[in-house]
Structure formats: C-alpha cells, structure tokens
Amino acid sequence: MSTVDLLTNPSPDASVHVWRAVGVKELTRKNKLTSLPFWVPNNTMKKHQFRLIMLKGLVECATEAADNYGVLVELIPPPTDPDAAVDASHYPGGCSVTVKVKGANGSEVVQTEMSVLNSSNLQMSFSEIIPHAMLEDANYFNEEDSSMTLEINIQTGLNLTTVQVARTVSSLWSALSSSVAQLLDTTTHIYHEARNEFERADPTPPPAPARPLPWDEVPPKWASRAEAWHKLVYESIVEDDGVFLYCSTTMTSDQSTLLVSVGFSPHSIEGAYEHFNYDRDVHMGLLTNHQLAHQRYLLVPRKIQEEAFWANYFWKVACLAQCEDDTQVKALLSVLNAPPLPKPRVPVIEKMTEEEIASLTRDAAEAASLLQEYLADRASKDDTFLIQAAAGTCEGHKNQLDPVFRRTDLSEATLAKVGATLRSLREQLQAYEADKKRRSGAAAPHTAESSAGAPAEQPPQEQGRAPAYHPRTMCHRRTRPDALAAPRRSARPTPLRHAEKAATSSPVAPRVSDVRTPAATDAPQKSSENSASKPSVEFPKMPWEDDDD
C-alpha cells in the first residue's frame, strides 16, 4: 500500500490529492492495488475518509493483455451504532470527483464523474481511465518502480441537479460557439476563394515605374544650366533642415512682395504641393545621396514623419524648377524655408483667474490709499518724489484694471470690487493732477525770489543719502528725515503733532528733525548766537509736569 498526499485544500468542501501508485505492472484480473485511507478535506477537519483502488480488467476485454486499468474512489463509511438510524449528515452527499493521470512532460488524461455518496452507494468508478498502451509510454509509466502518478480532486456537498444543468448549458454554449466558429471559417474560405477568382479574372495593373531622381530630372527652365540644377538639388538645399521641416503654403504680404520684386509669381507655386505621390516618388535611389540620407536619419521620426519629410523636399524642388535665375532662387528659399510665424499671444489679462484679479485689486487699492496719504501730507512735508512715484503706480494699476472691468466672464462681486477700486484710483489721480497744477502755479514767484540769492542748502539729513527702495510703488523711495524719528501718524494727535502745527504757523517753520525734546537737549553746550538764530518751541506740559509745579 502507498499513501495519498494532500496537494491543496482551496475550500472546506474541496481538496486535491496525489497518489503515486507503485506496482501497476503486477496487476492482474485477480488482484488489486489499494492506497492507504486518507481524510477529506484534510487531516485536521476529517470530514470524510476515502481510499483509492486500482484494478485491471474492470471492464474485461477479449484477452487479459488487452485489458485496461480502472480506478475506484471508495468512501469508507463512518462507524455507526447498529441499533441507531442512519444519519445522512455523516455522508458527503453529492460529490464530484476528477481523476488525472499525470505525465512527466505536463500532459494529462482527465476524467470527471458525479454521484451521490451515501450508505447505499460508496464508490465512484473510472473503469477505463488508463489504457493498457499507456504502460508502454515512458511519459506516464515509470519502469524503475512500475509506478504511475494520479491526481484526485474531490468536491463534496454539491447539488448535482444544479451542477448538471450548468454543465448542460455550458456544453450547449460550447457547441453553439463551435458551430458559429465553423460557420465563420466556412464563410471566410468562400470569400477568399471568390476574391482569388476575381483577381485572376481581373488582375490589377502593374505598379507605375519609379520616378527619376530629382537631381537627374532637369526641368525645362534649367535646361541650359543642368550642372547648376544638379548641385542645387543634390547639395545646396539638402544642407538646410528647413527644407524638410517647414511647409507653409500661405505667405504674408511681405513675403509675396519679396517674390514679386524679383519677378517671381507667388501664385505659380500654390498647386505644386499636390503633385507629390509618395508611392511613386520615394524609393531607395534617393538614399544614394548621403547628405539627404543623413538628414532623414536626424529628423525622422524625431521631428517630422517620413511622408511629410519627402513631401516637403519634393515640393521645394518643384518650386525651384520654376526659377529663372539665382536671384529668384535665393528669394524663394528665404520664403519657403522660413519657420512659421508664431501665433498671436492672448493677453495675459484675459487669462487671469478671479483669485489673481482679487490680489491685483487689493494692490491697486493700497496704491490709491498710499497716494491719498502722500497728498494729505503735502501741507507739512514736500514729498514730490514720493507723490510722483505713487501716482505712476496708480496709473499702472488703472491701466491693468481697465480691461479686467470690461470682461464678461467674471462674477458680479469681482466686477463690483474692480469698479470701486478703479473709481478710487481715478479720484486720487485727479487729486494728484489738481495738486500738481496748483503747485506749478505757486512755484513761479518762489523761483524768481530764490534766483536772486544763493541756492538752498540741502538738509544735512538728506545729504549723501541714497533713495530707499519702496516695495509698494516698485521704485526708489527717498527716506524722509522725520520718518526716522517720529512715530507713524495715528488718529489721535500727540503733543509732537501740536508742536509741529505750532511751528508751521510761525514765519519760519522749523523741520521736525530740528525740534529737540527736553530729555535729549544739549542747549547749555551751544552758544547764545546759535540759540538766538532758531525760534524756541514751547511744548505742552505733561500731567506729571503739572503736578511738579
């Protein structure tokens, strides 16, 4: 006896086992070869126990030597109490068993049987699965130990009626598919026979002879200059990759004017492109031109397709055939080999999203606020340079937002913000123009008065100081002296603001930088002359100073 090994157990109701039956050649009609019992689906679950039996002459032939070999898959019934009723749950019920005789080269003989295994039916028979001739085939039979390898697939708990219906439908479908395939094969065979008969009755004309090489085919206008034509087509134009890459059949007015100026009609080359025939004109003889073959190697298919490569070349050759002198050749090549003009670019403002427009609107609003602040500070500080820079920035923002406001694809909220910002920009620019006119009118008497005296000396704080870069206006901003010492203006006036206002009302308004606080003053160190030349400024007293008094 030999053992049956578990090969795989894909589910609780299915298992695959391998049996290496040794001593097959010793079988006769009077003995049998039996395996050791094995559990299904595995040795752990142990639902049902089977054994395999191999017999010779299960179906007897005329002679014992001609008998085939059969296999029985036998269920070993579970032990039961003789007095108790038979429990059907101890039996597998509907079973499907597939036996495969495995060959060494991967081939196999397969047979499947289905049956209900119960107390009255314990066996499934494969009576002639192994023909007697198979023992002579070394692929299936091992002479050394007279053995064969069998694979048994056992599936239990099946509804045989459902399985049988499914198999019947599958077989019908297979038969139908086979019939359709056979019908298609027959129809295809008939079609090919009819086509061959038609081709024999009406053969296609032979292909047209290949066209002569373009450098050997001299056009009529070049008849007296055959060598020049050969050099032009064979060498000169082949060196320029624009001959093969560019093919613009439409010309600009400047290009047409250039051709007309040298006596060449632009209309004469319009239909030359249509005369190209790839099957007729392109052949292996063209590659005898090594420079032409090199250009094809470099450009096809990395930059241009094969057919377009040859079509452009033959089109340029056909156009050059109509030239009468070298001047026309140069003008024509400069037009035909020029790269195509770039397409007009869509303005960037037309592609801006609403988020980008919102950011641009915020920047424009800040620029308008900055110009308004500079104009408001004009009464106390002369910041002409900063005002001019802020006005230029506002003008740029206005020019950017004008086309945005004309767009029709934006939401109403975005258009409302853009419109409000444009209105603010225009108001501030109008205020700037009014301020500029007012100051230009007031500057005439001042210029006449200052011309009689010495030029005004630049304040010490501004001498040698480079303009500071201002990120808001994208320009160089001159640093104000009072900006270094005074805090940013707030809504509530400070004592320093009162001091500035008082100083401004005096005949000679002192600069803020000249005003010294009591804590930082060094008046005792200065001469009386110096102190007399500058007006004194009285500061309002702080609350704690009132208490001291």
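These entries record what I looked up about charged residues in this structure.

**Entry 1. Model and overall count.** I note at the outset that the model is predicted. I searched the whole structure for salt bridges and obtained 19. As background, side chains of opposite charge can pair when their charged atoms come close.

**Entry 2. Lys-102 and its partners.** I looked up the pair formed by Lys-102 and Glu-108, which is a salt bridge with its closest N and O atoms 2.8 Å apart. I then checked the accessibility of each partner. Lys-102 is partly exposed, at a relative accessible area of 28%. Glu-108 is likewise partly exposed, at 34%. I followed the pair outward and found that a network of salt bridges links Lys-102 and Glu-108 with Lys-100 and Glu-151.

**Entry 3. Arg-20 and Glu-151.** I next examined where Arg-20 stands relative to Glu-151, a member of that network. Arg-20 belongs to strand S2, which covers residues 14–22. Its relative accessibility is 40%, so I entered Arg-20 as partly exposed. The C-alpha atoms of Arg-20 and Glu-151 are 8.7 Å apart in space, while 131 residues separate the two in sequence. I also listed the contacts of Arg-20, leaving out residues up to four places away in sequence; among them are Ser-2, Thr-3, Asn-142 and Asp-145. Ser-147, Met-148 and Thr-149 are also touched by Arg-20.

**Entry 4. Arg-280 and Asp-281.** I recorded a salt bridge between Arg-280 and Asp-281, with 2.6 Å between the closest N and O atoms. Is each partner buried or partly exposed? Arg-280 is partly exposed, with a relative accessible area of 30%. Asp-281 has a relative accessible area of 1% and is therefore buried, the cut-off for buried being under 20%.

**Entry 5. Arg-438 and Asp-435.** I found a salt bridge between Arg-438 and Asp-435, whose closest N and O atoms are 2.6 Å apart. Both residues lie in helix H11, residues 412–452, and they are 3 residues apart, about one turn of the helix. Asp-435 has 9% relative accessibility, so I entered Asp-435 as buried.

**Entry 6. A negative patch.** I turned last to charge on the surface. Which residues gather in a patch of negative charge there? I identified Glu-235, Glu-239, Asp-240 and Asp-241. Glu-235 is located in helix H2, residues 226–236. I checked its accessibility as well: Glu-235 is partly exposed, at a relative accessible area of 39%. That value satisfies the patch cut-off of over 30% relative accessible area.

How values were computed:
Residues numbered from 1 in each chain as written. Predicted model: local features only at pLDDT ≥ 70, side-chain atom pairs only at ≥ 80, totals over all residues. Heavy atoms only, no water. Patch = residues over 30% accessible without salt bridge, like charges linked within 9 Å, V, L, I, M, F, W, Y side chains within 5 Å. Areas by Shrake-Rupley, 256 points an atom, 1.4 Å probe, with all protein chains shown as cover. Salt bridge = Lys/Arg side-chain N within 4 Å of Asp/Glu carboxyl O. Lys, Arg positive; Asp, Glu negative; His and termini not counted. Charge placed at Lys NZ, Arg CZ, Asp CG, Glu CD. Helix = DSSP H or I, 4+ residues; strand = E, 2+ residues; numbered from the N terminus. Buried < 20%, exposed > 50% of the residue type's maximum accessible area, 1.4 Å probe, protein only. Contact = heavy atoms within 4.5 Å.
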